[in-house]
Amino acid sequence: MNLKKFLIIIAAGLTLTACASGTKKSGKMQGDVYTGSATIEYLATGVADRVFFASNKSTLTTAARDILRKQAAWMRKKKDLTFTIEGHADERGTREYNLALGERRANAAKDYLMTYGISGSRLSVISYGKERPVNSGSTPLAWSQNRRSVTVKAN
Amino acid sequence: MKKILLIIFYLFAFNNSLYAIVEVDITRGNLDPLPIAVSPLYIEPGSEDITQNGKIIKNIGEEIAKVIEKNFKRSGLFNPLKKESFVQNPDVAHIKPRFEDWRLIKAQALVTGKVTISEDKLRAEFRLWDVVAAKEMVALAFSTTPDNWRRVAHIISDKIYQRLTGEEGYFDTRIIYVSETGEKTQRVKKLAIMDQDGANIKYLTLGNELVLTPRFSPKNQLVTYLSYFKNLPRVYLLDIETGVQEVVGDFPGMTFAPRFSPNGEKIIMSFAKDGNSDIYTMNLKDRVVEKITDHTSIDTSPSYSPDGKYICFNSDRSGLQQIYVMRSDGSQVKRITFGKGLYGTPVWSPRGDLIAFTKVHKGKFFIGVMRPDGSGERLLTENFYQEAPSWSPNGRVLVFYRETKTDSDGKGFSTKLWSIDLTGYNERLIKTETDGSDPSWSSLLSK
């Protein structure tokens, strides 16, 4: 089940990056990942706590998978820690659908962490839908920063 | 609520005026509202004063008339005439209006009435007159406690609306919604309830936890909503008479998007697990949980047809969010939206004839209606962001919320409640103390 999902994610991720590379993102966007210092917090040195998603999508981009692999590596070293993965959506969708979408995004991140050896019992998931944006602007940049999953230490 | 709402109806005269000329057509956009004169209700001499919030209401007859006039004006169907132009005194007019006087100011209908307050009881009677035909159209009286005087005004409004349009009114109703304050990134949300006209706002939660999407039971004073109590997003049930809250069902994950079945006996909602949201029902009596949809896509925002036989919902099983209809057991799932864009938040009209929805297309949000088979799509209003329509109990008006665009600093954000007629006319802001979202309209309270 997980492997199948994983393969689908990889396939989808590949097509997505293929599309993304065609258009050059401005400013602090690299692929679908925001790299400005303002919104990046660190679980540990060099590991970003969040990954970003395309509109209405929950597939992990190449950049997102890179970050999650680093998170997994760090988590493997910190065996006593548990985590909550928050799923979020931007303000451009209906509230209830966004709650479901946030849940799907958080689970996409969780599944990927699990394929890299993190036990599901250490990872819980919560969706906030569009309720907790990090950027309150109504711009495509703000929305891209809000479509995210964030890995938070739970203990 | 029920106990204080013991309102007694007397039918002391009913004129089945077959030849009444005055009529209001509500099936089309009404660009020519009916001129109506609402005479202040005459106060029987010797009546006691009414106090509200420690203040004496000076002229209760005038206050009741004002509430009625506001209801009429907001409906867009009536044009209440200015009091300064009234020639006849309220007491005389209530016994027998001089129709020539009212014709002179171009009134086509006239409302007169009388209030008596004694021994902590308020008795109000009113008459509706057809000015053109010089006839009485309806006359009714009610008794209640004096603090219920606004409801008397709403009930009178409903009776007049019903007599003139041939359809049930919607004024003696309430709206539950989410009150919002604070920064956009950290909104504080509380459940709030108010009369349909925005009066009597009460807050039902303290704002300690995030609350979303409250919905009224069509049958009683229960509300179902989503609460993040203890950071566990779950569907709750709240009795607004007793204040008792309880979580609905024992699900090992997020439950959301709740609504009542038309008989009030079940709650239909989504349950999200492992990245997949499906639709479930729970029977409130025996607590039996049933899974209604079983699909790897997101299935949410379910709403029953008023006969309980069908459910509409939105799903992204086609790849994008679209509206589907199925039988209430989950069989015969049929997609009904094929237009350009995304479709969500379907809500079945209490009349059964239409489904209201939110549509997203080319960066704009629309509130629209369509027939339950997906035909006859009509978009009523377009904006930057708006969603979550809820029907008035007579299926003529929709209430929804609208958010504004913010600048790059996040400034300029607001979320407000709005209403619009089914015809697409008469769009109105509902004023609330704080920002508001997720409105849900109650059934008629006195039914």
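Student: What is the mean pLDDT of chain A, and what percentage of its residues reach 70 or more?

Tutor: This is a predicted model, and for chain A the mean pLDDT is 78, with 70% of the residues reaching 70 or more. Among the elements of chain A, helix H1 (residues 2-22) has the lowest mean pLDDT, 39, whereas H3(A) has the highest, 98.

Student: How should I read the stretch of residues 1-41 of chain A, and how many contacts beyond near neighbours in sequence does this stretch have in the model?

Tutor: As a general idea, where pLDDT is low, the predicted coordinates should not be read in detail. In this case, the pLDDT is below 50 over residues 1-41 of chain A, and the model nevertheless shows 51 contacts for this stretch beyond near neighbours in sequence.

Student: Which elements of chain A each supply at least two residues of the side that touches chain B?

Tutor: Taking the totals to begin with, 23 residues of chain A are in contact with 34 residues of chain B. On the side of chain A that touches chain B, helix H3 (95-115) and strand E7 (123-129) of chain A each supply at least two residues, and H3(A) gives the most, with ten residues. By character, the residues of this side of chain A divide into eight nonpolar, eight polar and seven charged.

Student: Turning to chain B, in what order do the four strands of the open sheet lie, and is the pairing parallel or antiparallel?

Tutor: In general, strands of a sheet pair through backbone hydrogen bonds, either parallel or antiparallel. Here the order in chain B is E29-E30-E31-E32, and the pairing is antiparallel. Strand E29 (385-391) and strand E32 (428-430) of chain B are the edge strands, each pairing on one side only, and from one strand to the next the twist averages 35°.

Student: How many bridges join E29(B) to strand E30 of chain B?

Tutor: Five bridges join E29(B) to strand E30 (residues 397-403) of chain B, and the two run antiparallel. To follow the pairing at the level of residues, start from Glu387(B), whose bridge partner in E30(B) is Tyr401(B).

Student: Why does Tyr236(B) count as buried?

Tutor: Tyr236(B) counts as buried because 20 C-beta neighbours lie inside 10 Å, and the cut-off for a buried residue is 20 or more. Tyr236(B) has its place in strand E15 (residues 234-239) of chain B. Leaving aside residues up to four places away in sequence, the residues that Tyr236(B) touches include Thr224(B), Tyr225(B), Gln245(B) and Val248(B). Val248(B) is twelve residues from Tyr236(B) in sequence, yet their C-alpha atoms are 5.3 Å apart in space.

Notes. Residues are numbered from 1 along each chain as its sequence is written. Chains are lettered from A and ligands numbered from 1 in the order in which they are written. This is a predicted model: local features need pLDDT of at least 70, side-chain atom pairs count only at pLDDT 80 or more; totals for chains, interfaces and linings use all residues. Two residues are in contact if their C-beta atoms, placed from the backbone, lie within 7 Å. Ala, Val, Leu, Ile, Met, Phe, Trp, Tyr, Cys and Pro count as nonpolar, Asp, Glu, Lys and Arg as charged, and the others, Gly among them, as polar. Two strands pair if DSSP finds at least two bridges between them. Axes are lines fitted to C-alpha atoms, for helices over the stretch in contact, and angles run from 0 to 180 degrees between N-to-C directions. A residue is buried if 20 or more other C-beta atoms lie within 10 Å of its own, exposed if 12 or fewer, and partly exposed in between; C-beta atoms are placed from the backbone. pLDDT is the predictor's confidence in each residue, from 0 to 100.
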